[in-house]
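Please look over the sequence and the model shown here before reading on. The briefing below starts at the ligand and then turns to the nonpolar cores.

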Amino acid sequence: MSFRTFILGLSASFGAAWLAIVVVPFIKMRNLEPIQLSEANDGSTGIFFPKRTGRVADGAKVYAENGCYLCHTQVVRPTYAGNDLYRADWGGLKADPDRGDTRRETNAYDFFGEKFAQIGVSRMGPDLSNLGRRVESEYSSPQEASQWLLSHLYNPRHEADRWKSTCPPHRFLFEKRKIKGNPSDEAMPFGAEHGKELVASPEAKALVSYLLSLKKDQAVPEVLNFGPPKAKGAR
Ligand code: HEC
């Protein structure tokens, strides 16, 4: 093999992968066109608009800064690539009280409003695509859900059944401050000592707001819906 063939072969092997993994997805996703809903398939007309509520921009920054993406993904993979849709409440709720089965795969529109799509590096912990939905379905009010998330951030082993959790504690996102007068309403129910109370920092609150906004199970137009087959009218 001549040196020339070697270099050409090398560029072709790396070039093809680079084209398929970097260039083609970039071109396809850099300008997402709005999707027109169709009366026949989606039951409504107009333009599909992905909804997220919460401090998505600030919270996503705290999420990125703390490397949550190193262990948590935010991608519900298509079924040909994994069994994500069939893992308890990863892809949406199997039995949402109002909407029935809301499970579906992730699509590019799910990262709307985020500067980077935090798809994740590896999966040491559970996928967080629908964490907000999952936590809220377990608690009766959004306040209790955010309280649970704050406790998890402070000490991931706070619950007996998570005593082996390897999610790192993020105590630096909390502040101990002196109680002046009555303890404040926003003080955490734990961590108080010697006239001091524990409160969540603005970063922790933004992060929790972002985590609660993770509800990537909004019904999508028929053209984007590659979820498992569902009974008609179940979406
Ligand atoms: C070293 C890897 C690692 C990092 C970094 C990490 N986690 Fe985790 N996380 C885990 C593991 C493992 C679990 C599963 C054990 C458990 O439930 O506590 C988990 C569980 C969780 C859960 C509970 C999920 C559920 O559905 O029960 C939440 C919420 C969470 N992590 C949030 C975060 C946030 C927010 C960050 C960044 C500030 C973060 N994690 C960083 C490994 C990690």
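**Ligand site and cores**

Around the ligand there are 20 residues with a heavy atom within 4 Å of it, and those that come nearest are C68, C71, H72, S165 and C167. This is a predicted model, in which local features need pLDDT of at least 70 and side-chain atom pairs count only at pLDDT 80 or more, while totals for chains, interfaces and linings use all residues. Residues are numbered from 1 along each chain as its sequence is written, and side-chain values use heavy atoms, with hydrogens and water left out.

Iron atom
- H72, through NE2, and C167, through SG, are the protein donors of the ligand's iron atom and lie 2.0 to 2.2 Å from it, donors being N, O and S atoms within 2.8 Å of the metal (3.2 Å for Na, K and Ca).
- Because H72 lies in the loop between α3 and α4 and C167 in the loop between α5 and β3 (174–178), the pair ties together parts that are 95 residues apart in sequence.

Polar contacts with the ligand
- A polar side-chain atom of R134 lies 2.8 Å from an oxygen atom of the ligand, and an N or O atom in the side chain of R162 is 2.5 Å from an oxygen atom of the ligand.

Nonpolar cores
- The largest nonpolar core, a set of buried (under 20% relative accessible area, 1.4 Å probe, protein chains only) Ala, Val, Leu, Ile, Met, Phe, Trp, Tyr and Cys residues joined through side-chain atoms within 4.5 Å, has 26 residues, and L149, F174, L207, Y210 and L211 have the most contacts inside it.
- Apart from this core lies another, of six residues, among them L37, F48, Y109 and L224.

How values were computed
Buried < 20%, exposed > 50% of the residue type's maximum accessible area, 1.4 Å probe, protein only. Helix = DSSP H or I, 4+ residues; strand = E, 2+ residues; numbered from the N terminus. Polar contact = N/O pair within 3.5 Å; in protein donor to acceptor, adjacent residues only side chain to side chain.
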